[in-house]
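Work through the exercises below with the structure open. Try each task before reading its solution.

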Amino acid sequence: VLALPISAQGQNLTQFAKGPTFNVKSENKNLESTLKELEDLYAISIAYPTSIVDPYTKIPAAINSKLTAEENLQRILKGSQINFRKGAGDFYMLESSQTQAPIAPANNFSYQIPTATVQNIERTIKGVVLDDDQVPIPGASILIKGTMNGTVTDIDGKFSLTLTDETEDPILMVSFIGFTTQEITVGSTSMFTIELASSDLALNEVVVTAFGLERDKKALGYSTQSVDGSALTESRPSNVANSLSGRVAGVQVTGNSMPGSGAHVVIRGSSSVAGNNQPLVVVDGVPLEQTSSRQYGNGLSEISPDNIKEMTILKGATAAALYGSRAANGVIMVTTKNGAGSKGIGIEFNSNMTMDNPLVKPNFQNTYGGGSGYRTWYVDGRNGFDADGIRGTAGVDESWGAPMDGSLVPLWYSAPERVPLLPQPNNWEDFWETGQSVTNTIALSGGNDQGSFRVAIGRLDQTSIMADNDYYRNNFKLNTSYKFVPKLQMSVNAEYIKSGSDNRGFTGSQDFIWAHRHTDYTKLKNWEDYYDIQRQTFRPGDDYPYANWQHEYFSNPFFNQKYLPSSNEKDRLVGSIALNYDINEHFSIMARSGTDYWSDTRININSAESFKNNVKRFGSYTESVLNSQETNSDVILTFDKDLFPRLSLKIQAGANNRVNNYKSTSVNVGQLTIDGLYNLGNYASPVTPSSTIRKQVVNSVFGSAQFGFNNYLFLDVTGRNDWSSTLPTNNNSFFYPSVALSAVLTDIFNVQSDILSFAKIRGSIAQVGNDADPYLLNQVYSSEGLWAGTTPTYAESNEIANRTLKPEITTGKEVGLDLRFFEGRAGIDFTYYHQSTVNQILAVSISTASGYSSQILNAGEITNQGIELTINATPINTASGFSWYSAFNFARNRNKVVELAEGLENYILATQNSLTSEARVGQPYGTLYGRRYERSPEGEIIYNNGLPVLESGTHILGNIQPDWIGGWSNSFAYKGLELNMLIDMKMGGDIFDVGTGLARKTGQYAETAIGREEGVIGQGVKNIGTSEEPVYVPNDVIASAGTFWNSQNPRTYHESGIFDGTYVKLRELSVGYVFPKNFLGNKFIQTMKLSFVGRNLAMLYKNHPHMDPEVDDKGGNGQGFSYGEMPSTRNLGFNLHVTF
Amino acid sequence: CTKDFEEINTDPNNPVSISPSLLLPNAIQVVVDRYWGHSTRYQRLNIDAAMCWIQHLSRNIYINAEGDSYEIPLTISSGTWNSIYNESLINFERVKSLTAAGAEYENANYLGIAMTMQSFSFAYLTDVFGPIPYSESLKGTAEEAINSPAYDSMEEVYAGILADLMEANDLLSTSGPAVVGDILFNGDIMKWKRFTNSLALRMANRQAAKKPAESSAIMTQILSDPVKYPIIENNAQAAELTHFDVIGSRNKMFDVFSTRSDWNISTTLINKLLELDDERITVYAQPLDDGTYAGLPNGLTDAAAGTFNASRIGLKYLDPTAPSVLMTYAEVEFIKAEAALDGDIEGDASAFLESAIKASFHQQGLTMPSDYMSRIGGVTKESIMTQKWIALFGQGVEAWNEYRRTGYPVMSAPHPSSVFSNEGVLPTRIEYPTSEYSLNKTNLDEGVSKLGGSDNMRTPLWWVE
């Protein structure tokens, strides 16, 4: 037996040190087992000389999990002759207060084996053990392989070990919790610098669950997955939600590239027909609004990734029963960094800069110019006639014009002078700018026994690939906690965010859909240079404030961006104040109030003064102020006690009051008196004001009980009752329970295997109730504005209200298996879930001939079932310090609309050009219905006169939901160098891409250049029989290219706009270097890491011929549509992280 | 803790009860808008479909996708259908229930106005679609709610409309209670009576070939008792919505034509007016730079259209305050002329026709040339209907109805560069909106069977002569 055993869970050394310690009598525990419990609970290591821990020492107090590890240690060691010291990381060292020995000098601080058994001391080796950040690891164990000779490192990570000559070719086994064990041949070396690679595979992960309660992951009966903050900051998107894509099994993120934009996040598929399907976002216990617009962003897009310590995804309904209704779609829990655990003052600085460019360039044709009928001729920006009576094609916004062969034609910047018509193959590149994002964050943190703080200031400046489209964000973050008296702790967490933009608006790739291929966008950007020339060609009665390639339907996008911006300025405060009071060692109470308040002022300049056809179009603009606030106040009582030696019990009970208030006020000035002066007083005709108010209150009581048996069998039971203001008063109370079970098989059956290190099964069943939106109970009338500026008008709402609404209920079941192998070097986590939502509150579409378009009903059932699989492994981890960590996740969700209301078959989620995305009974959510081509029995498209024929009626054309989604991440580390990559995959799922279909109709793409002179023959058949008795032969009728592509106009021929949404992207790639401590050369800088980072670097696979199919035109539940979005971007840059 | 929940959940944005004067204006405006102009692209039934099909207008761009080539966006059907049922008809229905005998706002004049406007709206729908939900429609919030209403045949719809118009005339009384919010006639009940009875003449005349006895009886009943059944007797009494130069209250043709120049006057109309040396050409069309008038053939390819220099729509229709016309004095006189010619009513068809043409010239601020009657080549069904077609410029749907019913005017052969879809057939109707297929399939199928042909744009409607 070693003289100085070190207790460090999972480590080899402890096996020698620890004998059976379950010799506890009665309720009093002994010190040794209590220390072990502390280690388990807080994932810490406590080292002590056996001599000072008497197995029969009784302890004065039980562990209280509401307290910190230090506080518990203080309580436990109170009155004893033992002191403790905190080492780096999670290491604590006990020492007798009677031994006056000061901290020994590092070079001779060694715990030696008693000399009794030692004959010859041959030599002493020394060394230091460091972690990957070159920070010393105290308490790491050093053992000579195959012997009982060992030691632990001191507080500076140093060790000294005396080798006896008994061992030939001694090998050092160096290990520490949370790091991968290394074996090092001693040879003749006597000084070692040993660097341990951190392992993310620690068996005892602590996860944050509802109400910020930290739980041992093994105790959970449901599926969670966490993303460490460091993974969010390097290859960062400005919206942190986007970095979840591909990282977490079952989480589908659809982002877009506008600065400051929102992302659509769905966990385990959509369960609500009409409601919000996005998860609840909770920041340090405070719900954050996650429902607002795609263009103006939402909660997650505004918080700073630099302040995030960890994001935990609670996937099913179970995980979230305590958060109430809105958690039915899962919860994204954001835990921000605080100063706890830091010693003294720490400074952290992070700087990130990326450059953005479009990822995918459409395949354009560069043969024919803009216009129609093989003619390209600018006259007056419209289809007017020039002095020679020649009709212009300037008003045509398509590219069926003349060959770009250098022929002399008048163009918009030269007319009536003629210039050569030349291809502009790079006008895509000319159109877009290089976008840029710069983020700098500095944080100051500190702490002591009584409290801690962390304050951070961050600034993001982002410019888009679209000219004059930008975004800025200032984040001020403060996290503090302070203990006024030992039992009372107050904490304040708050983030104030000031964000905004000179112009949120953009003109997307419409400029490459309705366009002239010959347009030189560099000239268009500098239109002022050609304005005087172009003015000469304006038609009498026309006067535009800019030069453009046409004046019929399109404005100059660069003029619009500059002079017709949509600016906004938004203030947001998210924060909470919490008081924790320990009533006694078993009871504690927390009172907390948190709020998410924002106010957004938006000014949209809609038009500038212009004249067309002698008609004056006035300048106009809209000013809106939006205010939103959600306040949650909770009181939570916690009871925590080990009832029996083998049975632990933790009970929480509480009450919550949630108040949501929203108000928007908007004023539209339709006619400005003085153009360019944007003030509400500057109106030439009555302004149009409007406002919307929403208020909602939900009161709740809830409780949960967690039973732990022998630390290997866990049972969680929860229940919650809500009272919501939005339901009928006689039906506004609803209760929902959950139960979850977790069993650690390896502990139950005491499996001691070199292969299987850990096995757990889990299962749960949970319900979540949900209320309605406000004001759905009464039939209302809405204002339709003034007729003639004087007569007020109203109309009845098209939605039939419902006075007998009931809450909707989601029931989720899941089972899972968690296996770890080879001491955690490999692991598999598998989940199967089934979720069903019934009594959905939705506005069901009805025949408009009823007088109404929809009816609010409790209707329908949607089921989602699926599997989630994560596999991770560390295939390589060599003594030389090279390691490779790899993780793969896969999720497949199957979704079905089981029923809607009586007699109702479908619910329309979104519609575009009469194509609908529907929830239809028997079909998955988001099935696309529209017109398709008629086909022969052999499946060939039928042509008539060379053009494809439409089948009557509407048919299933696809579905927006992917077949599966997944991600594969790899990390390679060698010394201070690391490489991380993430591949993100979405397989299947269809999009209705009107933009691509129209760009074909308008002759933009390469395929439309084929056969322009000679015509094209569509592939398919034609009917040479009768309509009753068709005889199909291959189509051989030549159609003109323009007519042929027009018959693929997706506005009518919906099928031609359906594209496969599959993509495989190299989502992230970063190469980082941690500067070695000696390089930094001073004590001022603690660590420094420089990384080169990239996001969306490459499209590895897609089926869409022209663009990135990751698109979201409509936002919300209207997924799967596309029409001229800003293209997705490739981001390249660097990240610098320094701590002082 | 939940006692104030009811108050919290009371909508602070929208009222739960309302007076009929606030519902009437928007309901009128929406159906008038759909009839005359409508400015939402891909929903402009009159401008993009009817006026092009009837060859008053022609498109010079997007010809093959927006109507002129007989291919229309599906949203023309759905937009028209949804808007008239959901924004007009239901609000007239609500006005009726609020003002019926014994109701909160009991007022026979509101009731009569709502019935007349409902009749106008249902007539519009049935004349473009065929069988429609009628007797079971508008009952989504009724005591016995109907979400999937059955379709009635055109014959049934016409019978219902004519009965309602008769009842409306009985309800409307110049000595009755005042109405507020009447943006069409500003509370002038006599004008409402004239419109109601003139509308009944239009409906009776349109179904005359199918139900000659009933139609003749109705027309005779109306025309023989001008005191009880006043009709439109001069241009000042015409049913037209006066517009204002305020955003949202402007003439919709102005809204459309002032911002886009996709249309010209059709060759068919220009040639007819030139042939008749008809001065109305100066109102309907703008001259070219050289002072002459030229038309643009319908249904050309975009490329072919580019070679034409054609007249644009007359400036009168580009005036934001130009009225939206529902029914004119001229139309009433044309109806009399046709009915007299057909023997449905007593009277001199020639005199009625001359009166009709005079009224049309007068309506355009012109005077009919004294020799004009000699230019039209005798009083025949063709000359009556051709003149009516000229007079109905702007009321494209009405002109289209009359063309489909009578086959006049005889349209010239398509231009060689024209490409028409719909098997080359000038559309006989428009298809039901796709939403009816998904939301009301069973009844729709029944409706299609009442249509007597497929749900396409080639099946003739019931009143075809």
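**Exercise 1.** State how many residues chain A and chain B each bring to their contact, then describe the side of chain A that touches chain B by element and by class.

*Solution.*
Step 1. This is a predicted model. In it, chain A gives 67 residues to the contact and chain B gives 70 residues.
Step 2. Look for elements of chain A that supply two or more residues to the side touching chain B: they are strand 34 (688-709), strand 38 (781-787) and strand 39 (791-796).
Step 3. Strand 39 of chain A has the largest share, six residues.
Step 4. Sort that side of chain A by class: 37 residues are polar, 20 nonpolar and 10 charged.

**Exercise 2.** Summarise chain A by its elements, its burial and its contacts.

*Solution.*
Step 1. Chain A holds 60 strands and 13 helices.
Step 2. Chain A has 1140 residues, and 51% of them are buried.
Step 3. Take the contacts in chain A with a separation of 6 or more: 69% of these join residues 24 or more positions apart.

**Exercise 3.** How do helix 2 and helix 4 of chain B pack?

*Solution.*
Step 1. Helix 2 (residues 20-36) and helix 4 (residues 74-99) of chain B have axes 9 Å apart, at an angle of about 150°.
Step 2. Angles over 145 degrees count as roughly antiparallel, so helix 2 and helix 4 of chain B are roughly antiparallel to each other.
Step 3. The crossing of helix 2 and helix 4 of chain B is left-handed.
Step 4. Among the residues making the contact are Leu23(B) and Val30(B) of helix 2 of chain B, and Ile84(B) and Phe92(B) of helix 4 of chain B.
Step 5. By class, this contact of helix 2 with helix 4 of chain B has 10 nonpolar, six polar and three charged residues.

Technical notes. Residues numbered from 1 in each chain as written. Chains lettered and ligands numbered in written order. Predicted model: local features only at pLDDT ≥ 70, side-chain atom pairs only at ≥ 80, totals over all residues. Contact = placed C-beta atoms within 7 Å. Helix = DSSP H or I, 4+ residues; strand = E, 2+ residues; numbered from the N terminus. Nonpolar A, V, L, I, M, F, W, Y, C, P; charged D, E, K, R; others polar. Buried ≥ 20, exposed ≤ 12 C-beta atoms within 10 Å, placed from the backbone. Axes fitted to C-alpha atoms, helices over the stretch in contact; angles between N-to-C directions. Parallel < 35°, antiparallel > 145°, perpendicular 65-115°, else oblique. Left-handed = near helix turned anticlockwise from the far one by under 90°.
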